[in-house]
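Subject: Structure for your study

Dear colleague,

Please find below the structure that I am handing over to you. My findings follow it, and I would ask you to read them with the structure open.

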Amino acid sequence: MERVADPVEQATAVLSKYPLCDRCLGRLFAGLGRGLSNAERGRALKLSILMRIHAAALAGQAPGYAKEVLTNMGQTAEGLYEQLFGSRPERRACYICNDKLDEFLESTPEKVARAVREWGGTTFLVGASVDPEVVQREEKLKAEFKLALGESIKSEIKREVGKRAQALGLRVDFARPDVVVLVRFPSGDAEPQPRRLMISGVYRKLRRDLSLSPREPSLNPLTSRLLEMTQSSRVGIKGLVRDERGVRALGLGIPVTFLLGGSRVRSAPPEGTVIESEGASLEVKGDAAAVADEDLSRRVRVYRCVIYAEGASPAEVKLAAESLKGREARQKVMGRTVSGVVREAACNIVGDLVECLISLDEKLYVMELVSGRGSEPSLSGLLGKEATCVEADLLGVISLR
Ligand SMILES: [Zn+2]
């Protein structure tokens, strides 16, 4: 049977070559013993080695490595060293952490707690960034002595700083922390990480003279309001294919997700909250992530259009408009060619005008479908006369399922 590696012997071999603090020595054996801190493991190993050396020395058989090992143990072995060699041992800093880790773990949790509170959060998660040279030294040591049960310094920092910051009244949340704080070793910096807040809901617009541009969302009063509310620095929109100027968005509205960058506010307003600004509103709804991932190619826009055609009777307009139902349309709008299906067209005659409910694939433009500019087929084309949409309202954007 293969001989099981003895941790005390392994630790002796390591300390005969490298000075290590209790914590860094213990971490190399982190898989051994339950419920111990690495500092306790390291101290236990040092004490075992110390007593072995002492016992051997009392029998007149102090091992050749005693001087080096006791020196590399640091403070723990000072007394015995003095007794055996008649002088004080040379002071050596920890090979891995340069004697910085204990002090770091003392002072950093308070910085983390301050950072979380400054960001207005109560739950947090610690991320760690460790100087690559420190990591390299630790890896090299594990490889040199074939130590397979160690833990990384990064993992110890995350765990210990997290545990101590919790003791300061914060709560760790692995799935959805209010703030992720990145701590850097050895500098001791603690930086809250910018995070992205998603707010999903239904967008509606009562004013015809405003529109929300998916490309420049920050120029709109509603998005300015969202930026201000969430103390964010950037905003993006998912789910808004277009918000036409001149067209109100009513009824079911447009499902959208606002992505707010660098947000200082930890969570979206509760479902049902209505955020309003200058004739536009967002009614907050459900799970932001699900809405943001929705397949836009399967959405349909439902419009109410009031149509007038010079030289055509309302009855002719109604007939022609309703014949668009089920037709596939190709449109060239703003240099792009799109195609889609007109799903529904149902009209009512109201005096000289015709009011139509038209639903069409989201890619298609309803104004062009009526006027004929770049659209085949179109209402103007079918009538042979110029038709215009006098007034249009978007009644909803819905998913085809
Ligand atoms: Zn150390």
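Helix H8, made up of residues 153–166, lies across strands E1, E2 and E3, and its direction makes an angle of about 150° with E1. Please bear in mind throughout that this is a predicted model. Helix H6 (residues 101–118) also lies across strands, in this case E1 (123–130), E3 and E4, and runs at about 155° to E3.

The strands just named belong to an open sheet of 4 strands, whose order is E2-E1-E3-E4 and whose pairing is mixed. Strand E2 (171–172) and strand E4 (190–192) each have a single partner strand, so they stand at the edges, with one side left without a neighbour in the sheet. As background, strands of a sheet pair through backbone hydrogen bonds, in either a parallel or an antiparallel manner. E3 (residues 179–185) and E4 run antiparallel and are joined by 3 bridges. Within these strands, valine 181 has proline 192 of E4 opposite it.

The loop between E3 and E4 holds proline 186. The peptide bond between phenylalanine 185 and proline 186 is cis, with omega about 5°. A cis peptide bond also joins glutamate 376 and proline 377, with omega about -5°. Proline 377 is placed in the loop between strand E14 (375–376) and helix H13 (379–383). Such features deserve a look, because most peptide bonds are trans and most residues other than glycine have a negative phi.

Two residues have a positive phi although they are not glycines. Lysine 146 has a phi of about 50° and lies in the loop between helix H7 (132–144) and H8. With a relative accessibility of 70%, lysine 146 is classed as exposed, because the cut-off for that word is over 50%. For glutamine 231 phi is likewise positive, at about 50°, and the residue sits in the loop between helix H9 (221–229) and E6. Its relative accessibility of 48% makes glutamine 231 partly exposed.

Next comes the metal site. Which residues donate to the zinc ion? The protein donors are the SG atoms of Cys21, Cys24, Cys94 and Cys97, which lie 2.2 to 2.3 Å from the zinc ion. The angles subtended by the 4 donor atoms are 104 to 114°, and the arrangement is therefore tetrahedral. For reference, the ideal angle for four tetrahedral donors is 109.5 degrees. Along the sequence, the donor residues follow the spacing C-x2-C-x69-C-x2-C. Both cysteine 94 and cysteine 97 are buried.

I turn now to helix H1 (residues 7–15). Its buried residues are Val8, Gln10, Ala11, Thr12, Val14 and Leu15. These buried residues pack against helix H2 (22–27), helix H3 (38–58), helix H4 (66–73) and H7. The N-terminal end of H1 is capped by aspartate 6, which has a side-chain oxygen 3.1 Å from the backbone nitrogen of valine 8.

Strands E6 and E7 run antiparallel and are joined by 5 bridges. Opposite isoleucine 237 stands phenylalanine 258 in E7. The side chains of E6 alternate: Val235 and Ile237 are buried and point to one face, whereas Arg234, Gly236 and Lys238 point to the other face and are not buried.

The loop between E6 (234–238) and E7 (247–261) contains aspartate 243. Is aspartate 243 buried or exposed? Its relative accessible area is 9%, so aspartate 243 counts as buried, the limit being under 20%. The side chain of aspartate 243 makes a polar contact of 2.7 Å with the side chain of tyrosine 203. A polar atom of the aspartate 243 side chain also lies 2.7 Å from the backbone nitrogen of leucine 212. Leaving aside residues up to four places away in sequence, aspartate 243 touches Tyr203, Lys205, Leu210, Ser211 and Leu212.

Finally, leucine 219 is found in the loop between strand E5 (196–205) and H9. Leucine 219 is exposed, its relative accessible area being 64%. Its C-alpha atom is separated by 39 Å from that of leucine 382, and the two residues are 163 residues apart along the chain.

Yours faithfully,

A colleague

Definitions and conventions. Residues numbered from 1 in each chain as written. Predicted model: local features only at pLDDT ≥ 70, side-chain atom pairs only at ≥ 80, totals over all residues. Heavy atoms only, no water. Helix = DSSP H or I, 4+ residues; strand = E, 2+ residues; numbered from the N terminus. Buried < 20%, exposed > 50% of the residue type's maximum accessible area, 1.4 Å probe, protein only. Polar contact = N/O pair within 3.5 Å; in protein donor to acceptor, adjacent residues only side chain to side chain. Contact = heavy atoms within 4.5 Å. Pairing = 2+ DSSP bridges. Axes fitted to C-alpha atoms, helices over the stretch in contact; angles between N-to-C directions. Donors = N, O, S within 2.8 Å, 3.2 Å for Na, K, Ca; no water. Tetrahedral: all angles 85-135°; square planar, octahedral: opposite > 155°, others 65-115°.
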